[in-house]
Amino acid sequence: MGLLSGVLLLPLAPVRGVVWISDRLVDAAEAELYDPAVIRVQLAELNRSLDDGEIDLARFEREEERLLDILDRTSPLPGVRP
């Protein structure tokens, strides 16, 4: 980056900083969303909720299917569990 372009683009530095921070937040959220350990904990909590009668069987099946689909998509190789 040349001196002239650096001076001209200086007012955009805060915008670039906000974009960079938002990209890091999205990366962190996706990492947590698709982390197999987090999904397994959510499945365990879902089972506990069903056992305690907090949710009905239909909701349990919907949520379980959604979580298992996410878990299957994050598996590195078909049939291989970390």
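The following dialogue walks through the main features of a predicted model and how each may be read.

Colleague: Before looking at any side chain, I would like to know what the overall confidence of this model is, and where in the protein chain confidence is lowest and highest.

Modeller: Where pLDDT is low, the predicted coordinates should not be read in detail. In this predicted model, the protein chain has an average pLDDT of 85, and 89% of the residues score at least 70. Confidence is lowest in α1, with a mean of 75, and highest in α3, with a mean of 94.

Colleague: How many helices and strands does the protein chain have, and what pattern does the chain follow along the sequence?

Modeller: The protein chain has four helices and zero strands, and reading along the sequence gives the pattern α-α-α-α. Of the contacts with a separation of 6 or more, 43% are between residues 24 or more positions apart. One pair that illustrates a separation along the chain is leucine 68 and leucine 43, which are 25 residues apart in sequence while their C-alpha atoms are separated by 8.5 Å. Leucine 68 belongs to helix α4 and is partly exposed, at a relative accessible area of 34%.

Colleague: Let us turn to the interior: what share of the residues is buried, and which residues make up the largest nonpolar core?

Modeller: A residue is called buried here when its relative accessible area is under 20%, and buried residues make up 11% of the 82 residues in the protein chain. The largest nonpolar core has eight residues, namely Ile39, Leu43, Leu46, Ile55, Phe60, Leu67, Ile70 and Leu71. The elements that give two or more residues to this core are α3, spanning 36-51, and α4, spanning 57-74, and α4 gives the most, with four residues.

Colleague: Taking one member of that core, which residues are in contact with isoleucine 70 once its neighbours within four places in sequence are left aside?

Modeller: With those neighbours left aside, isoleucine 70 is in contact with Leu33, Tyr34 and Ile39, and Ile39 is itself one of the residues of the core.

Colleague: Serine 49 is a polar-looking name to meet in a helix, so to speak; is serine 49 buried or exposed?

Modeller: Serine 49 lies in helix α3 and counts as buried because its relative accessibility is 12%. Leaving aside its neighbours within four places in sequence, serine 49 is in contact with Glu54 and Ile55, and Ile55 is one of the residues of the largest nonpolar core.

Colleague: Now for the charged side chains: how many salt bridges are there, and which residue forms one with aspartate 27?

Modeller: To count as a salt bridge, a side-chain nitrogen of Lys or Arg must come within 4 Å of a carboxyl oxygen of Asp or Glu, and by this rule the count comes to four. Aspartate 27 forms a salt bridge with arginine 24, and the closest N and O atoms are 3.6 Å apart. Both residues lie in helix α2, residues 13-33, three residues apart, or about one turn of the helix. Aspartate 27 is partly exposed, at a relative accessible area of 42%, and arginine 24 also counts as partly exposed, at 37%.

Colleague: Which residue forms a salt bridge with arginine 66, and where do the two partners lie?

Modeller: Arginine 66 forms a salt bridge with glutamate 63, with the closest N and O atoms 3.0 Å apart, and both lie in helix α4, three residues apart, about one turn of the helix. Arginine 66 is partly exposed, at 41%, and glutamate 63 is partly exposed, at 25%.

Colleague: Which residues are joined into one network by salt bridges that share partners?

Modeller: That network joins Arg48, Asp52 and Glu54. Within it, the side chains of aspartate 52 and arginine 48 meet at 3.1 Å, N to O, and arginine 48 is partly exposed, with a relative accessible area of 41%.

Colleague: Finally, on the surface, which residues make the nonpolar patch, and which element gives the most to it?

Modeller: Leu4, Leu8, Leu9, Leu12, Val15 and Val19 make a nonpolar surface patch of about 560 Å². The elements that give two or more residues to the patch are α1, residues 3-9, and α2, and α1 gives the most, with three residues. Leucine 12 lies in the loop between α1 and α2 and counts as partly exposed, at 44% relative accessibility. For the protein chain, the accessible surface comes to about 6,500 Å², of which 63% belongs to carbon and sulfur atoms.

Key. Residues numbered from 1 in each chain as written. Predicted model: local features only at pLDDT ≥ 70, side-chain atom pairs only at ≥ 80, totals over all residues. Heavy atoms only, no water. Core = buried A, V, L, I, M, F, W, Y, C linked by side-chain atoms within 4.5 Å. Buried < 20%, exposed > 50% of the residue type's maximum accessible area, 1.4 Å probe, protein only. Contact = heavy atoms within 4.5 Å. Patch = residues over 30% accessible without salt bridge, like charges linked within 9 Å, V, L, I, M, F, W, Y side chains within 5 Å. Areas by Shrake-Rupley, 256 points an atom, 1.4 Å probe, with all protein chains shown as cover. pLDDT = per-residue confidence, 0-100.
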